[in-house]
Amino acid sequence: MLSLIEKLEKNHGLSLDEYKYLIDNRTDAAAEELAARAVKVRREIYGNAVFTRGLIEISNICKNDCVYCGIRRSNTNCDRYRLTPQEISDCVDEGYSLGFRTFVLQGGEDGYFSDDVICGIVREIKKKYPDCAVTLSLGERSYESYKRMYDAGADRYLLRHETADKAHYGKLHPAEMSFDNRMECLKNLREIGYQVGCGFMVGSPYQTSAELAHDLKFIEEFKPDMCGIGPFVPHKDTPFAAEAQGTVELTCYLLSIIRLIHPPVLLPATTALGTIHPLGRELGIKAGANVVMPNLSPVAVRKKYELYDNKICTGEESAQCRSCLDNRMKSIGYEIVIDRGDIKKEARDNV
């Protein structure tokens, strides 16, 4: 096992069989070794900095019917909402005053948010706060749509691929959704010039270690600027309501592996990780992550953007309690910085 970990650290990649072996033979000792090496590599690039993103969940209206998702279109129990451009602007104003320099506009695939609407919102943010980065996470769109939003000033785009195995993708999504189209979207985003984020669920229904190995191989080959992974957490109003959730242990293990695969990657300790463990965010940082995304959405709608059950979004997890987050990170030897938190391109280009 140690020789395989050393090979990964040196070569930033393994074969599919080797990735599968790492997953199948996970032990506490292996996890500690991977985490120690991941933290060392991350410190060499980013020091003890933890970057924050102010998350604004702009709509829980979605045309898609993904089997795992609480805001899927067929969930009639979902209390739908949509923020106005003014409400989004107000969230950004508040976030800037709290020290956020990246804003993530995330939402379901809601037809109201046309290219014209999104481009107008992005232009306003960039005009008012030129020192900030704007990240969009609005699902699958056309090349032309992505290009228009990029030209309007959007810096980054997050599009989780959810799984890099086509057959597994089909078990998590309705027939009208295409694995090939999801991959084409990621390719288009990269070609246009975005800083691109992808990511996958850990412990999703039907997932095998071989499929997780494919996810790791995809990260190795695509080299995303950002990679968001989190444990699968079931939602009571989906067909997966009775499925077992993913684990903190495997998620953190994979975070460490991803850091060694692509050292400069921006790696969040996700909300899902914090949802299933009270110290989930800290555990993610200690495994090699370097980004946290507190919630800046209006308090009245936070509970409505429920992709999975029991999502944390208030209290110490909210953007308004930035000092709480500062203290939590300081308690494990890290520092929240006021920074856009871009990927270190020199490190990326040298890998």
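So, four tyrosines to start with: Tyr146, Tyr150, Tyr157 and Tyr194 come together as one aromatic cluster. Keep in mind, as you look at the structure above, that this is a predicted model. In total, there are ten aromatic pairs in the structure. Let me take you through a couple of those.

Look at tyrosine 112 and phenylalanine 113. Their ring centres are 4.9 Å apart and the planes make an angle of 85°, which is over 60 degrees, so we call this pair edge-to-face. Now, is phenylalanine 113 buried or exposed? Phenylalanine 113 is buried, at a relative accessible area of just 3%. Tyrosine 112, on the other hand, comes out at 35% relative accessibility, and that counts as partly exposed.

Next pair: tyrosine 206 with phenylalanine 240. Here the ring centres sit 6.1 Å apart and the planes are at 70°, so this one is edge-to-face too. What I like here is where the two partners come from. Tyrosine 206 is in the loop between strand E7 (201–202) and helix H9 (209–222), while phenylalanine 240 is in the loop between strand E9 (230–231) and helix H10 (248–261), so the pair ties together parts that are 34 residues apart in sequence. As for accessibility, tyrosine 206 is partly exposed at 48%, and phenylalanine 240 is buried at 4%.

Okay, staying with rings, but adding charge. Arginine 101 has its charged end over the ring of tyrosine 96, 3.6 Å from the ring centre. Arginine 26 does something along those lines with tyrosine 253: its charged end sits over that ring, 5.9 Å from the centre. Hold on to tyrosine 253, please, as we'll meet that residue again.

Now for a lysine. Where is lysine 126? You'll find it in helix H5, which covers residues 115–128. Lysine 126 has a relative accessible area of 19%, and the cut-off for buried is under 20%, so lysine 126 counts as buried. And what does its side chain do in there? The side chain of lysine 126 makes a polar contact of 2.8 Å with the side chain of aspartate 155. Leaving aside residues up to four places away in sequence, lysine 126 touches Cys132, Ala133, Val134, Gly153, Asp155 and Arg340.

Let's move on to empty space. How many cavities of 30 Å³ or more does a search of the whole structure find? Four. The largest cavity has a volume of about 1000 Å³. Its lining takes in 50 residues, and those nearest the centre are Gln106, Ser137, Arg160, Glu162 and Leu307. Plenty of elements chip in with at least two lining residues each, among them strand E2 (54–59), strand E4 (133–137), strand E6 (195–198), E9 and helix H11 (271–276). Which one gives the most to that lining? That's E3, with four residues.

Last stop, the largest pocket. The space in there is about 270 Å³. This pocket has 14 lining residues, and nearest its centre lie Ala31, Glu249, Cys252, Tyr253 and Leu283. And there's our tyrosine 253 again, the one with the charged end of arginine 26 over its ring. Helix H3 (28–46), H10 and helix H12 (280–286) each bring at least two residues to the pocket lining, and H10 gives the most, with five.

That's my tour, thanks.

Definitions and conventions: Residues are numbered from 1 along each chain as its sequence is written. This is a predicted model: local features need pLDDT of at least 70, side-chain atom pairs count only at pLDDT 80 or more; totals for chains, interfaces and linings use all residues. Side-chain values use heavy atoms; hydrogens and water are left out. Rings of Phe, Tyr and Trp (its six-membered ring) pair if their centres lie within 6.5 Å; planes under 30 degrees apart count as stacked, over 60 as edge-to-face and the rest as tilted. Buried means under 20% relative accessible area, exposed over 50%, partly exposed in between (1.4 Å probe, protein chains only). A charge sits over a ring if NZ of Lys or CZ of Arg is within 6 Å of the ring centre and within 35 degrees of the ring normal. A polar contact is a pair of N or O atoms within 3.5 Å; within protein, one must be able to donate a hydrogen and the other to accept it, and residues adjacent in sequence count only if both atoms are side-chain atoms. Contact means heavy atoms within 4.5 Å. On a 1 Å grid over the protein atoms alone, a cavity is a set of points where a 1.4 Å probe fits but cannot get out, and a pocket is an open set with protein on both sides within 12 Å along at least five of seven lines; lining residues have an atom within 4 Å of a point. Grid points are joined across faces, edges and corners, and a volume is the space filled by probe spheres set on the points.
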